[in-house]
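Let's take a walk through a protein fold together, one piece at a time. Have a look at the picture, turn it around a little, and then read on.

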Amino acid sequence: MSTTATKPTVVEAAHSYLRIVDDSGTRWVPKIDIHNKAFAGDATARQLLVDGERVFAAQLAACKGHTAIKTRDEGYSGSVNARRPNPSARGWITTVETCTCGAERRTNHNGQHAERGAWS
Ligand SMILES: [Zn+2]
């Protein structure tokens with residue numbers, strides 16, 4: 001056998017997933033799975049997390065202006081804007097917008113009140 005294993009490489013990043021290419025092809029892998037491997041001492045997984053952060057930061061920096069292409073609602077889980085908090089907006093629904101670059105923006109809604117977070 002003279003095959004050389006391809007080092008796994010991050011080609012795209014999202015908030016909770018990394019798109020990785022290696023010998024078995026290209027696929028999206030949940031970051032939590034990579035975190036668990038890294039926590040167990042896997043050096044390759046640790047490197048993928050570092051690379052993933054760099055790829056994600058580059059995607060966001062290259063974005064010409066975040067635009068929501070996808071929106072989902074989640075249950076309220078906490079404040080989304082520490083600088084301009086709106087306690088009246090808490091306790092109900094959080095809308096999560098996603099941009100093509102992978103950035104997300106969370107907004108808490110409760111009745112007529114809103115607390116909008118930043119794209120990150
Ligand atoms: Zn964007």
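Reading along the sequence, you meet the pattern β-β-β-α-α-β-β-β-β. In total, that comes to 2 helices and 7 strands in the protein chain. Keep in mind that what you're looking at is a predicted model.

Now step back and take in the overall outline. The C-alpha atoms fill a box of roughly 65 × 35 × 20 Å along the principal axes. How does the radius of gyration of the protein chain compare with that of a compact globule of 120 residues? Such a globule would come out near 14 Å, but this chain has 18 Å. As for burial, 14% of the 120 residues count as buried. Contacts are worth a look too: among those between residues at least 6 apart in sequence, 44% join residues at least 24 apart.

The chain is also split up by its domain assignment, which gives domain 1 (9-62) and domain 2 (68-116). The C-alpha centres of domain 1 and domain 2 lie 26 Å apart. The two do touch: 7 residues of domain 1 are in contact with 4 residues of domain 2. On the domain 1 side of that meeting place, the largest share, 4 residues, comes from α2.

Let's start with the sheet that comes up early in the sequence. Here 3 strands form an open sheet in the order β1-β2-β3, with antiparallel pairing. β1 and β3 are the edge strands, each pairing on one side only. Ignoring direction, neighbouring strands in this sheet are turned by 30 degrees against each other on average.

You can trace this sheet strand by strand. A hairpin of 3 residues takes you from β1 to β2, and 4 bridges join these antiparallel strands. If you want a landmark, find Glu-12, which stands opposite Arg-19 in β2. Next comes another hairpin, this time with 2 residues between β2 and β3. Strand β2 (residues 17-22) runs antiparallel to β3 and is joined to it by 6 bridges. Two pairs help you find your way along them: Asp-22 has Gly-25 in β3 as its bridge partner, while Tyr-17 stands opposite Pro-30.

Why does strand β3 lie largely in the open? It has 6 residues (25-30), and the number buried is 0, so this strand lies largely in the open. For a residue to count as buried, 20 or more other C-beta atoms must lie within 10 Å of its own C-beta.

Now bring in the helices. Helix α1 (residues 31-39) lies across β2 and β3, and runs at about 85 degrees to β3. Helix α2, in turn, lies across β1 and β2, at about 40 degrees to β1.

So what sits in the largest nonpolar core? It has 8 residues: Val-10, Ala-13, Leu-18, Ile-20, Ile-34, Leu-48, Val-55 and Phe-56. The elements giving two or more residues to this core are β1 (9-13), β2 and α2 (43-62). The largest share, 3 residues, comes from α2. A handy one to click on is Val-55: leaving aside residues up to four places away in sequence, Val-55 touches Val-10, Glu-12 and Ala-13. As a rule of thumb, nonpolar side chains in soluble globular proteins tend to be buried together.

Finally, move along to the other sheet. There, 4 strands form an open sheet in the order β4-β5-β6-β7, and the pairing is antiparallel. Its edges are β4 (70-75) and β7 (113-116), each of which pairs on one side only. From one strand to the next, the twist averages 25 degrees. Inside this sheet, strand β5 (residues 93-98) and strand β6 (residues 104-110) pair in the antiparallel sense over 6 bridges. To spot where they meet, look for Thr-98, which stands opposite Glu-104 in β6.

Technical notes:
Residues numbered from 1 in each chain as written. Predicted model: local features only at pLDDT ≥ 70, side-chain atom pairs only at ≥ 80, totals over all residues. Buried ≥ 20, exposed ≤ 12 C-beta atoms within 10 Å, placed from the backbone. Pairing = 2+ DSSP bridges. Core = buried A, V, L, I, M, F, W, Y, C linked by C-beta atoms within 7 Å. Axes fitted to C-alpha atoms, helices over the stretch in contact; angles between N-to-C directions. Rg over C-alpha atoms; globule rule 2.2 N^0.38 Å. Domains from an automatic or database assignment.
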